[in-house]
Amino acid sequence: MSAADPLLAVEHLSMRFGGLIAIDDLSFAAARGEITAIIGPNGAGKTTVFNCVTGFYKPSGGRIVLSLGGPPAPEALDTLTASGRRSRVTAAGSIFLLERMPDHEVAAHAKVARTFQNIRLFPGMTVLENLIVAQHNPLMRASGWTVLGLLGARRYLAAERQAVDRARYWLDQTALTDRADDAAGDLPYGAQRRLEIARAMCTQPQLLCLDEPAAGLNPRETADLTELLQSIRRAHALSILLIEHDMSVVMGISDHVVVLDYGQKIADGAPESVRNDPKVIAAYLGVEDREVAEAEAEIAR
Amino acid sequence: MAVAVPSSVSPAGSDTPSVGSRLVAAVKDAAGTALLALGLAVPILALRLDQDINNQPFLRPRWDYVATAVAVAFAARLAYLLIRPAFAGRRAAPTRATAPAATSARRIAQALAVGGLILLVIYPLLMLALVGRAGAIKWIDNFGIQILIYVMLGWGLNIVVGLAGLLDLGYVAFYAVGAYSTALLVHNFGFGFWLCLPLAGIFAALWGILLGFPVLRLRGDYLAIVTLAFGEIIRLVLINWVPVTNGYAGISGIPRPTFFGLPFNASDEGFAAFFGLEFTPLHRTIFLFYVILALALLTNWVTLRLRRLPVGRAWEALREDEIACRSLGINTTNTKLTAFAIGAGFGGFAGSFFAARQGFISPESFTFMESAIVVAIVVLGGMGSQLGVAIAAIAMIGGTEILRELDWLKQVFGPDFEPTQYRMLVFGLAMVVLMIWRPRGLIATRQPSIFLRERRAVKASLVKEGRG
């Protein structure tokens with residue numbers, strides 16, 4: 001389970017909604033620079049894990065550690081956890097305890113970006129504006145928290161040009177340059193999915209969380225998406241956390257697969273080993289428990 | 001008109017309905033409408049409870065009223081059905097040339113804005129030339145200044161409602177805070193108008209933040225109700241906190257703005273004496289006009305600038321999707337509070353100006369009606385559109401004043417006819433018509449704040465209204 005250099009370590013995470021236990025004592029790690037997929041049948045708790053990692057939910061228990069700039073020193077991590085603070089930022093590396101941070105701080109400081117299962121763009125703003133809004137925090141600093149920007153400071157104008165350049169880069173990467181001045185709500189579905197990824201990338205994340213990026217895409221678009229994700233990872237030393245139902249995507253690009261069922265981890269490992277795991281097959285195909293036990297016994301033999 | 005709809009659809013279904021069959025269908029449809037009108041008119045109009053000479057109540061039948069209402073409904077529906085195809089044909093045609101139409105619309109808007117600005121700058125002199133000194137005060141004060149105050153309020157509220165998508169029905173509270181802080185600062189500390197003006201804006205902005213905190217979690221209707229209540233609370237405090245605010249009696253003797261220290265009066269140190277002019281109250285009116293014009297233009301300039309800054313883009317993003325904003329690291333709490341604070345600040349400026357212009361303020365000037373008018377201006381103008389809000393303010397407030405001028409209507413309807421009494425009726429009608437014709441306001445398209453190759457307006461249907 002423990003990767004050599006985990007960027008994200010989820011430890012004993014649990015999330016209860018009233019009497020419902022959505023996630024039950026879940027631990028896994030996402031290695032730096034790798035693509036980690038979370039799969040599982042509907043209602044297994046995949047999106048809940050995402051919402052906990054990105055700060056949209058406060059977990060009922062457990063720890064979510066994100067470390068930038070190398071693996072965290074165990075004693076530093078222990079001190080931070082005991083101190084009750086949210087993060088420890090040093091020149092050598094930073095540690096963030098995501099379960100303690102509100103959603104916007106997770107995105108702004110811990111450099112975690114996400115997309116949504118049901119696309120959440122700003123439909124009434126243009127494609128370019130969507131990408132500029134994503135660079136809110138650096139632009140806000142450059143505009144001197146609005147005061148300098150209001151006076152037309154050159155520093156802000158330069159920062160805005162830079163933001164447009166970055167937006168342009170991602171428009172090129174996602175083949176949206178021709179639609180840059182169209183309203184985001186006017187784009188076809190597949191382009192909206194790509195724009196959401198481009199927007200997340202404009203926040204310059206270290207961890208990109210994609211919630212079913214291939215949902216509703218045709219095979220051609222799915223293949224393009226796979227290629228895009230791989231090129232993003234290669235070019236930007238990025239780690240990706242992925243929820244996906246399309247097994248061709250999951251098996252094709254992930255380095256590591258975590259399988260959830262009813263809020264619990266039932267398998268964790270390389271794609272091939274997970275694919276042949278009888279528990280996984282049982283969870284997906286709904287085999288009876290007796291048969292699972294038999295299958296396990298068979299494998300043991 | 002649920003009765004009327006099916007029959008009006010049927011002729012459109014056939015390929016080429018003859019004129020005769022269309023007429024028959026229209027008459028049938030209009031007859032249905034007339035029936036509906038009859039059903040409504042009988043309980044409402046047919047009988048009137050009156051008192052006879054012995055003060056005994058009796059029912060006076062008014063079937064002539066009913067007949068008139070039914071006839072009007074029939075005629076109007078028939079006329080509408082017969083004229084509509086002409087409209088429909090005209091509307092279908094221009095869709096082919098959308099792109100040039102959009103740019104020409106932009107050019108028209110630009111021309112309107114520039115022309116309007118020039119007209120505003122020369123407006124007092126124009127009025128002076130057109131109607132002479134006696135009439136000019138009325139035209140500059142009742143029309144010019146009054147409308148500009150509402151333009152400024154509309155632009156201030158536009159930040160909160162139009163850009164950030166937070167429906168604020170208590171905007172008058174900040175107007176009141178601005179006015180009362182000016183009045184109280186003048187009376188208790190002897191400050192002049194020009195010192196009070198920025199302070200009033202700052203106080204109102206602080207109150208905006210104060211209102212912002214409790215309503216951060218609220219959305220849509222709930223936000224609207226709480227802001228409405230906030231407006232009423234401020235008004236009730238102003239009424240009941242007599243030792244400070246003097247209650248219903250209000251505060252009088254608020255000094256008028258001075259021209260670089262020169263008061264507008266007949267004294268030897270006055271403006272007229274200093275420049276060697278003959279004293280006339282017109283000087284002050286014209287000066288006030290330019291003050292409110294400058295304030296309104298400042299509001300506009302700041303808003304336009306803010307739209308191109310990260311904070312303005314975050315407001316619009318907040319209106320579009322709050323959860324997506326948070327996923328991008330935008331602190332939505334701060335974003336909402338800045339929208340409330342800046343919007344309220346401009347309301348405070350307007351209030352301060354109002355106090356100095358009137359010289360007297362009382363809680364009666366800050367009723368819910370004022371909030372409703374300002375919200376109506378923003379909604380009618382098109383949420384987020386600066387030009388639309390300005391046009392709507394001219395139509396709403398100028399319209400009210402114009403109705404006062406329509407004395408000749410008395411010759412048509414008799415000497416008892418008072419046009420101003422029909423003000424609300426006319427507004428109601430105008431709003432209903434506008435909401436049918438342009439449900440998203442006069443200027444509903446959104447201009448993007450930045451573009452890569454060409455600026456294309458965003459269709460109104462894509463722009464969200466915000467749910468708090």
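Domain bounds here come from an automatic or database domain assignment.

**View 1. The two domains of chain A in a predicted model.** Domain 1 takes in 6-111 + 205-300, while domain 2 runs over 121-204. Measure from C-alpha centre to C-alpha centre and the two domains of chain A sit 28 Å apart. This is a predicted model, where local features need pLDDT of at least 70 and side-chain atom pairs count only at pLDDT 80 or more, though totals for chains, interfaces and linings use all residues. Residues are numbered from 1 along each chain as its sequence is written, with chains lettered from A and ligands numbered from 1 in the order in which they are written.

**View 2. Where domain 1 meets domain 2 in chain A.** Here 11 residues of domain 1 are in contact with 11 residues of domain 2 (contact: C-beta atoms, placed from the backbone, within 7 Å). On the domain 1 side, α3 (103-108) and α9 of chain A each chip in at least two residues. The largest share of that side, 3 residues, belongs to α9(A). Sorted by class, the domain 1 side has 8 nonpolar, 1 polar and 2 charged residues. For that sorting, Ala, Val, Leu, Ile, Met, Phe, Trp, Tyr, Cys and Pro are nonpolar, Asp, Glu, Lys and Arg are charged, and the others, Gly among them, are polar.

**View 3. Helix α8 of chain A, end to end.** Helices (H or I, at least four residues) and strands (E, at least two) are DSSP runs, numbered from the N terminus. The 14 residues of α8(A), 189-202, should span 20 Å at 1.5 Å a residue, and the end C-alpha atoms are indeed 20 Å apart, which agrees. The expected span is 1.5 Å times one less than the number of residues. After α8(A) comes Q204(A), with a positive phi near 55 degrees.

**View 4. What surrounds α8 of chain A.** Most of this helix is covered, with 11 of the 14 residues of α8(A) buried. A residue is buried with 20 or more other C-beta atoms within 10 Å of its own, exposed with 12 or fewer, and partly exposed in between, C-beta atoms being placed from the backbone. Among the buried ones are R193(A), L195(A), I197(A) and M201(A). The buried residues of α8(A) pack against β7 (112-114), α4 (127-133), α7 (154-173), β8 (207-211) and α9 (219-236) of chain A.

**View 5. Chain A as a whole.** The tally for chain A is 13 helices and 11 strands. Its C-alpha trace spans about 75 × 50 × 35 Å along the principal axes. Of the 301 residues in chain A, 46% are buried.

How values were computed. Contact = placed C-beta atoms within 7 Å.
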